[in-house]
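Subject: Structure handover

Hi,

Here is the structure I promised to pass on to you. Please have a look at it first, and then read on for what turned up.

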Amino acid sequence: MEAQINISIVNCLFTWNFEASFIRLIDKVTNGSRIEINQTGTTLYYQPGLLYGGSLEHDCSPSRSIGYYLESLLCLAPFMKHPLKIVLRGVTNDQVDPSVDVLKVTALPLLKKFGVDGESLEIKINRRGMPPKGGGEILFACPVRKVLQPIHFTDPGKIKRIRGTAYSVRVSPQMANRMVESARSILNKLLPDIYIYTDHMKGVSSGKSPGFGMCLTAETINGTILSAELASNPQGQGAAVLPEELGQNCAKLLLEEVYRGGCVDSTNQSLALLLMTLGQRDVSKVLLGPLSPYTIEFLRHLRSFFQIMFKIETKTPEEEHMGGEKVLMTCVGIGFSNLSKTIR
C-alpha cells in the first residue's frame, strides 16, 4: 500500500473519528491511493488507486454503525481485482445507519439481480454490538464481476410474506419475545405468513453494551424486498423504550414502507441507481417509491461523476392501483467494465 496518510493528523483533525476510520478503510481496500489532509482539516485531497480487495480486517469507529462502512463496500466490492473478504468490527445495530441485518436481507438480493451472485456473496454476523461501546463483528464476502447486467424491475407484485429478526444483547431474552408479540398484533390482521426469529446472543457474542431491536422485511411474489427496523436507545442516552412499543412502531414503519412501495426499498435506492449507471450500454428501468433526500443528492453526484441523466416518470396511485406515488427511473448504462479483474 502506497497511500500517504498521516494518521496522527487525521485523528486530531476529525472531530468525529468515524470519518478518519472510513478513510483508513478505503486505504485498505485500494492499492496506490494518495490521501492528504491540510493543517486545518478543511481540505481533503484524494487520488484514487486500484480497487484491490483480498482478505482484510477493519475496526470501525463505534460512533457510527458498521452499516455506514458496509454501504460503501457494497458499491465497490464487485469491481475489485480480487474477491473481497473483510471482517468489520464495531456497532452492528444503531438508530442512525442501516443495520447489518437490513443490508443482508435487502442489498444482497439486489446485487444478485445485477449478476453479482454465487456462494461467496454473504454477510455473516459473528457477534452483535450495540452503541455506545460496540463489540460486534461481521464478515462480508463478495465475488468480482467484469460487467453488470441491465435490469427491468418495474412490477413489485403483491406482498406474500413477512420475515424478521428480534434481537437482544445483555438484557433479558424475554425482551425479544415481547417485541415479536407486539409486532404480530398489528401484522396478523393483514396476512398469515409471518415469521419473526428471536436472536438472543450471550457472553462474548453479545458485545459490550446492552440493547435490543427489530428488523422486519416484507417479500413480494416478484422478489421485491421492503424493510424497516428500529433499535432501542443507547445505554445512558434518552428515555427507556418498552419492547412492546418498539415492536409496534417497527411494524408500522414496515407498513409505511409497503405504502411507499416500489421495487427497491428506501435504504437501497442509491445502490440500485449506481449499479444501473455502471451497467452495460443498455436500457435499465426500476420502479421506486418517493425518492429520499439522500437519493436526490446521490443523483446529482451521478451526474457530476458519470455525466448521466435519468429519465424520471411519476406514476400516480391510480395508475399503479396501490400505495403512494411511484417514480419510474430509466437510464442507459455507461458500459463500465472491471479491467482489473484477473483473467484465468
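Let me start with the charges: the protein chain carries 37 positive and 32 negative side chains, and the centres of these two sets are 4 Å apart. Please keep in mind throughout that this is a predicted model.

**Overall build**

The protein chain has nine helices and 16 strands. Its radius of gyration is 21 Å, and this agrees with the value near 20 Å that a compact globule of 344 residues would have. Along the principal axes, the C-alpha atoms occupy a box of roughly 55 × 50 × 40 Å.

Of the 344 residues, 49% count as buried. The exposed area of the protein chain comes to about 16,300 Å², with 53% of it supplied by carbon and sulfur atoms. If we take the contacts between residues at least 6 apart in sequence, 75% of them join residues at least 24 apart.

**What the record says**

Two annotations come from an unreviewed UniProt entry. One, "domain: RNA 3'-terminal phosphate cyclase", covers residues 18–312. Over that span the chain is 31% helix and 29% strand, and the C-alpha atoms at its ends are 34 Å apart.

The other annotation, "domain: RNA 3'-terminal phosphate cyclase insert", covers residues 154–258. Here the end C-alpha atoms lie 15 Å apart, and the make-up is 29% helix and 34% strand.

**A mostly covered helix**

Helix α3 spans residues 66–76, and eight of its 11 residues are buried. The buried ones are I66, G67, Y68, Y69, L70, L73, L74 and C75. What lies over them? The cover includes the helices α2 (17–29), α4 (100–113) and α7, along with the strands β6 (82–90), β7 and β8.

Helix α7 deserves a visit of its own, as A272 is found there, within residues 269–277. A272 has a relative accessible area of 0%, so this residue counts as buried. Leaving aside residues up to four places away in sequence, A272 touches L110, F114 and V264. For a distance to check in your viewer, A272 and L302 are 30 residues apart in sequence and 12 Å apart in space, C-alpha to C-alpha.

**A proline in helix α6**

P243 is found in helix α6, which runs over residues 243–260. Is P243 buried or exposed? Its relative accessibility is 2%, and the cut-off for buried is under 20%, so P243 counts as buried. Setting aside residues up to four places away in sequence, the residues P243 touches are M175, R178, M179, S182 and F212. The C-alpha atoms of P243 and I138 are separated by 25 Å, with these positions 105 residues apart along the chain.

**Backbone details to check**

A few loop positions may interest you if you plan to look at the backbone angles.

- The peptide bond from P131 to P132 is cis, with omega near 5°. P132 sits in the loop between β7 (122–127) and β8 (136–142), and these two strands are also among the elements that cover the buried residues of α3.
- R170 is not a glycine, yet its phi is positive, at about 55°. Its place is in the loop between β10 (159–169) and α5 (174–187). With a relative accessible area of 48%, R170 is partly exposed.
- Q307 is another residue other than glycine with a positive phi, here near 50°. This residue lies in the loop between α8 (293–306) and β15 (311–315). Its relative accessible area is 61%, and exposed means over 50%, so Q307 counts as exposed.

One more loop residue is G32, located between β1 (30–31) and β2 (34–37). G32 counts as partly exposed, at 29% relative accessibility. From G32 to L51 the C-alpha distance is 9.1 Å, and the two residues are 19 apart in sequence.

**If you have only a few minutes**

I would open the view on α3 with its eight buried residues, then move to the cis bond from P131 to P132, and finish with the positive phi angles of R170 and Q307.

Happy to talk it through whenever suits you.

Best wishes

Terms used
Residues are numbered from 1 along each chain as its sequence is written. This is a predicted model: local features need pLDDT of at least 70, side-chain atom pairs count only at pLDDT 80 or more; totals for chains, interfaces and linings use all residues. Side-chain values use heavy atoms; hydrogens and water are left out. Helices (H or I, at least four residues) and strands (E, at least two) are DSSP runs, numbered from the N terminus. The radius of gyration is taken over C-alpha atoms; the globule rule is 2.2 Å times the number of residues to the power 0.38. Buried means under 20% relative accessible area, exposed over 50%, partly exposed in between (1.4 Å probe, protein chains only). Contact means heavy atoms within 4.5 Å. Accessible areas come from the Shrake-Rupley method with a 1.4 Å probe; for residues, only the protein chains shown count as cover. Lys and Arg count as positive and Asp and Glu as negative; His and the chain ends are not counted. The place of a charge is taken as NZ of Lys, CZ of Arg, CG of Asp or CD of Glu. UniProt positions are given in the numbering used here, feature names are shortened, and annotations may be inferred rather than shown by experiment.
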